[in-house]
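Got your viewer open and a selection box ready? Let's walk through this one stop at a time.

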Amino acid sequence: MSFCSDVKDEICAIENEKPCCDKSEAYGLVLFARDFSSSKISFVTENPASAEKYASLIERVCGVTLKINHSSSGKLSVNAETSQERQQIRSAFGHDKSELSLRLNRANIENECCQSAFLRGVFLACGGVTDPEKDYHGEFAVQRMNLCRDLEAFLGEVLFEPKSTQRKGCNVLYTKDSESVEDLLTFIGAQNSSLKLMSVKMFKDVRNNVNRKLNFETANISRTVAASLQQVEAIAAIRRTRGIESLPEDLQELAVLREENPEMSLRELGENLSVPISRSGVNHRLERIMEFAKHIADQGEESGSD
């Protein structure tokens, strides 16, 4: 089962404590389902719990018993077959035949407690959420433009300002912000799914931080190794041409120590000198050794000795 299907199963199991919330949830379902007109009222889904929720809420709120139909493709549909059933359902939510454009009737969201129930119904009808293992994405796909604008305003009031786009002629409100998706899931009552998303997000954050640190350490090690090899080569060139003893006395011990211990860090080199010095002190002396080797190379003494 998908993460989105798990979310729908979770919110379908919620029983509203008040009749007003039942009405709001039922309204969200019928209004944002595939069809809600005087000629056709239907709900199509692949989620059995959603189909059962739709049918039970319509019976409880509107007094109309609807049958769940199973198709060969695995989809479930719930339809109001008769004109009388459709009129009874629409009247229960304050809609009539004279409407030129279907709009959100706020009278069906009476109280603050009804807001979550209404959006829960909307999510069951046209909502979706991506598995957080793959991406953070929550959306509502709404067929009618004006209804989409009403939902956009509602979301802006109770949760977040969604972004909008069109996909295959359908109006889509969406968010890719992980916190907004968490808020949406929590708001509609899918606390377990919200906790799963947060858990996945925390794991990803830890993994990303570890990877960043490993990459940083790897880059540091690579730079250290490259610098060490250059230093060893420079010291070898000095030994071949003028000899280590040609270096200033304060550089000779460090040159030998570096040559014999190319894997040592600057701090370790400083600690292993007869008179320990700081990391910056070691770095300064190695720079002087490199300059000495460059001076020899510039004079061509190394090539002349071959």
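Start by selecting His95 and Tyr27 and showing their side chains: the two make a polar contact at 2.8 Å. Keep in mind throughout that this is a predicted model.

**Stop 1: around His95**

Stay on His95, which you'll find in the loop between α4 (83–92) and α5. Is His95 buried or exposed? Its relative accessible area is 3%, so His95 counts as buried, the cut-off being under 20%. Now bring up what touches it. Leaving aside neighbours within four places in sequence, His95 is in contact with Tyr27, Leu31, Phe36, Arg90, Leu102, Arg103 and Asn105.

**Stop 2: the cores**

Next, select Phe32, Tyr54, Ile89, Leu119, Phe140 and Leu151. These have the most contacts inside the largest nonpolar core, which has 62 residues. Colour helix α5 (residues 113–126) too, since it gives the most to this core, with 9 residues. As background, nonpolar side chains tend to be buried together in soluble globular proteins.

Click on Leu151 to see how one member is packed. Not counting residues up to four places away in sequence, Leu151 touches Phe32, Leu119, Val122, Phe140, Val142 and Leu173. Then jump to Ile235, Ile238, Ile244 and Ile296: they are among the 19 residues of a second, separate core.

**Stop 3: the four-stranded sheet**

Switch to cartoon view. Four strands make an open sheet, ordered β1-β2-β4-β3, with antiparallel pairing. Which strands sit at the edges? They are β1 (35–36) and β3 (68–70), each pairing on one side only.

For a look at the inside of the sheet, select β2 and β4 (residues 76–79), which run antiparallel and are joined by 4 bridges. One pair to pick out is Ser42, whose bridge partner in β4 is Asn79. If you turn on backbone hydrogen bonds, remember that strands of a sheet pair through them, either parallel or antiparallel.

**Stop 4: β5, β6, β7 and β8**

Select β6 next. It is largely enclosed by the rest of the structure, because 4 of its 5 residues are buried. On one pairing, β5 and β6 run antiparallel with 3 bridges between them, and Val129 stands opposite Gly138 in β6. β6 also pairs with β8 in the antiparallel sense, over 5 bridges. To find that pairing, show Glu139 and its bridge partner in β8, Tyr174.

Carry on from β8 (residues 170–175) to β7 (residues 163–167): 5 bridges join these antiparallel strands. Arg167 has Cys170 as its bridge partner in β8. The two strands form a hairpin with 2 residues between them.

Zoom in on the turn and click Lys168, which lies in the loop between β7 and β8. What is notable about its phi? The phi of Lys168 is near 55°, a positive value in a residue other than glycine. Lys168 is also exposed, with a relative accessible area of 86%.

**Stop 5: the largest pocket**

Turn on a surface and select Lys8, Val44, Ala125, Cys126 and Gly127. Of the 28 residues that line the largest pocket, these lie nearest its centre. The pocket has a volume of about 750 Å³. To see where the lining comes from, colour α1 (3–12), β2 (41–45), α5, β5 (127–129), β6 (138–142) and β8, the elements that give two or more residues to it.

**Stop 6: two glutamates to compare**

Select Glu182 in helix α7 (residues 178–187). Is Glu182 buried or exposed? Glu182 is buried, with a relative accessible area of 11%. Neighbours within four places in sequence aside, Glu182 is in contact with Ser194, Leu197, Met198 and Lys201.

Now go to Glu161, in the loop between α6 (145–158) and β7. Glu161 is exposed, with a relative accessible area of 64%. For a last step, draw a distance from the C-alpha atom of Glu161 to that of Glu233: the two are 72 residues apart along the chain and separated by 62 Å.

Conventions. Residues are numbered from 1 along each chain as its sequence is written. This is a predicted model: local features need pLDDT of at least 70, side-chain atom pairs count only at pLDDT 80 or more; totals for chains, interfaces and linings use all residues. Side-chain values use heavy atoms; hydrogens and water are left out. A nonpolar core is a set of buried Ala, Val, Leu, Ile, Met, Phe, Trp, Tyr and Cys residues joined through side-chain atoms within 4.5 Å. Buried means under 20% relative accessible area, exposed over 50%, partly exposed in between (1.4 Å probe, protein chains only). Contact means heavy atoms within 4.5 Å. Two strands pair if DSSP finds at least two bridges between them. A polar contact is a pair of N or O atoms within 3.5 Å; within protein, one must be able to donate a hydrogen and the other to accept it, and residues adjacent in sequence count only if both atoms are side-chain atoms. On a 1 Å grid over the protein atoms alone, a cavity is a set of points where a 1.4 Å probe fits but cannot get out, and a pocket is an open set with protein on both sides within 12 Å along at least five of seven lines; lining residues have an atom within 4 Å of a point. Grid points are joined across faces, edges and corners, and a volume is the space filled by probe spheres set on the points.
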